[in-house]
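Welcome to this guided look at one protein chain. Take a moment to turn the model around, and then read on for a tour of its helices and sheets.

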Amino acid sequence: MDVNSTQLEEIIKQVINNLGGSAAPAAPKASSGTVPATSKAAMLTAIEKYEIKEFPIPELGDDDILVKVEGCGVCGTDAHEFKRDPFGLIPVVLGHEGTGEIVKMGKNVKKDSAGKPLGIGDKVVTCMIFKDNPDITMFDLNKQNVGGADVYGLLPDDDIHLNGWFADYMVIRGGSTVFNVSDLDLESRILIEPSAVLIHAVERAKTTGILRFNSRVVVQGCGPIGLICIAILRTMGVENIVAVDGEDKRLEFAKKMGADKSVNFKNHQGIEALAQAVKDAFGGYEADFGFQCTGSPVAHSNIYKFIRSGGGLCELGFFINGGDATINPHFDICAKEITTVGSWVYTLRDYATTFDFLKRAKAIGIPMKELITHKFPLDQINEAHQTNLRMEGLKIAIINE
Ligand SMILES: [Zn+2]
């Protein structure tokens with residue numbers, strides 16, 4: 001049979017049509033096809049006052065990503081900004097512990113910051129926006145933390161407006177770190193940012209060489225930060241953990257997260273009695289290592305008394321300036337030779353490590369999800385923040401329908 005090229009092309013087309021396909025290859029999807037013209041965003045317009053505003057969804061640049069927001073945690077940082085505007089950001093769309101689904105992306109976007117493919121429908125989180133410090137862009141354990149970088153949710157308002165996660169849509173601009181976390185459920189994704197703070201703290205603690213599987217570890221402060229600290233230690237295989245807090249409800253939760261014993265400081269008058277109670281909880285021993293997870297100067301002064309000679313301490317509670325704390329350098333540091341490290345924020349590498357931690361925590365049955373005690377829709381964001389200020393519950397989250 002003699003077949004020329006035109007006939008051959010015709011035959012191939014027929015075969016493809018018979019297979020139910022099309023002769024032309026399908027173009028990659030640029031959007032999910034359901035992007036509205038405008039998006040709601042909760043803008044903090046005055047102290048203790050969010051207003052729900054409607055902004056046009058802008059044209060995307062070739063490196064930009066449009067995300068439909070699914071949810072975002074309310075952070076202590078948001079609480080400070082809501083109450084006093086210490087960062088001078090008003091008017092601002094807050095929310096930095098957010099996650100959502102990609103609905104549209106620029107043609108240059110192919111992979112996330114860890115090299116994983118990115119596409120429409122993928123669930124993502126952002127970490128930070130790089131401007132002028134190449135040192136923090138590296139996936140290197142020894143690089144500095146990202147404390148000086150910009151993050152979505154703490155950006156001054158501009159003509160894009162959709163700069164924070166307390167909104168229906170957010171624009172991730174080229175040059176930002178973005179991670180494909182489609183393999184994590186919504187609650188886990190909301191807990192990524194605060195968990196990364198603790199992954200970093202534990203990495204800092206490990207540099208002392210004192211933290212081991214069988215270490216006696218005291219965790220002081222059982223807000224979300226202390227509780228996640230306990231969960232991380234537990235997933236690492238550290239079992240001898242004593243939690244210290246002033247609320248019995250939080251101490252009960254600490255046990256669910258993996259603490260072995262707990263001490264309510266309100267039941268003990270004076271530091272000697274409290275230190276003895278912590279020692280008793282360890283069966284008559286002082287702690288090998290301490291994590292200080294409160295923003296209270298007195299708590300910083302106290303924790304040295306719980307730690308044995310030659311032990312270690314990681315101070316991570318002072319995320320913002322909480323004032324001076326008094327210690328006795330002779331008794332607290334020199335004579336006992338306590339090795340102290342400070343910890344703040346996280347590195348990019350810690351962020352990626354956090355995804356694995358959340359999977360491990362789930363696998364061994366640590367109820368991370370229960371940390372999110374309150375869920376509010378976006379239009380109740382003022383009530384969400386007031387609930388947070390009243391210190392009801394643990395992690396408060398905005399969840400979009
Ligand atoms: Zn935060």
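## Helix α11 and its surroundings

Helix α11 covers residues 381–389, and its buried residues are I381, A384, H385 and N388. Here, helices (H or I, at least four residues) and strands (E, at least two) are DSSP runs, numbered from the N terminus. A residue is buried if 20 or more other C-beta atoms lie within 10 Å of its own, exposed if 12 or fewer, and partly exposed in between, with C-beta atoms placed from the backbone. Looking down the axis of α11, the buried residues fall within an arc of 95°, so they line one face of the helix. That arc is taken from the directions that lead from the helix axis to the C-beta atoms. An α-helix has 3.6 residues a turn, so residues three or four places apart point the same way.

What covers this face? The cover of the buried residues of α11 includes β1 (38–46), β2 (49–56), β3 (65–74), α2 (76–84), β15 (372–376) and β16 (395–399). Two residues are in contact if their C-beta atoms, placed from the backbone, lie within 7 Å. Just after α11, M391 has a positive phi of about 60°.

A word on how to read all this: the model is predicted, so local features need pLDDT of at least 70, side-chain atom pairs count only at pLDDT 80 or more, and totals for chains, interfaces and linings use all residues. Residues are numbered from 1 along each chain as its sequence is written.

## The whole chain

The protein chain has 11 helices and 16 strands. Of its 401 residues, 43% count as buried. Among contacts between residues at least 6 apart in sequence, 69% join residues at least 24 apart.

## Two open sheets

Two strands pair if DSSP finds at least two bridges between them. The table sets out two open sheets.

| Strands | Order | Pairing |
|---|---|---|
| 3 strands | β2-β1-β4 | antiparallel |
| 6 strands | β11-β10-β9-β12-β13-β14 | parallel |

In the sheet of 6 strands, the edges are β11 (261–264) and β14 (339–342), each pairing on one side only. The twist averages 20° from one strand to the next. Axes are lines fitted to C-alpha atoms, for helices over the stretch in contact, and angles run from 0 to 180 degrees between N-to-C directions. Strand β10 (residues 240–245) runs parallel to β11, and 4 bridges join the two. One of the partners in β11 is V263, which bridges to V244. Helix α5 packs on the sheet and touches β9 (216–220), β10 and β12, with its direction at about 160° to that of β9. Helix α4 lies across β12 (287–292), β13 (307–315) and β14, at about 145° to β13.

In the sheet of 3 strands, β1 and β2 pair in the antiparallel sense over 8 bridges. There, T38 has P56 in β2 as its bridge partner.

## Helix α10

Helix α10 (residues 348–363) has 16 residues and reaches 24 Å from its first C-alpha to its last, close to the 22 Å expected at 1.5 Å a residue. The expected span is 1.5 Å times one less than the number of residues.

Which elements do the buried residues of α10 pack against? They pack against β6 (123–129), β8 (176–180), α3 (186–190), α4 (192–206) and α5 (224–236). These buried residues include Y351, F355 and L358.

D356 also lies in helix α10. Is D356 buried or exposed? D356 counts as exposed because it has 11 C-beta neighbours inside 10 Å. Its C-alpha atom is separated by 9.6 Å from that of L184, 172 residues apart along the chain. Just after the helix, G365 takes a positive phi of about 85°.
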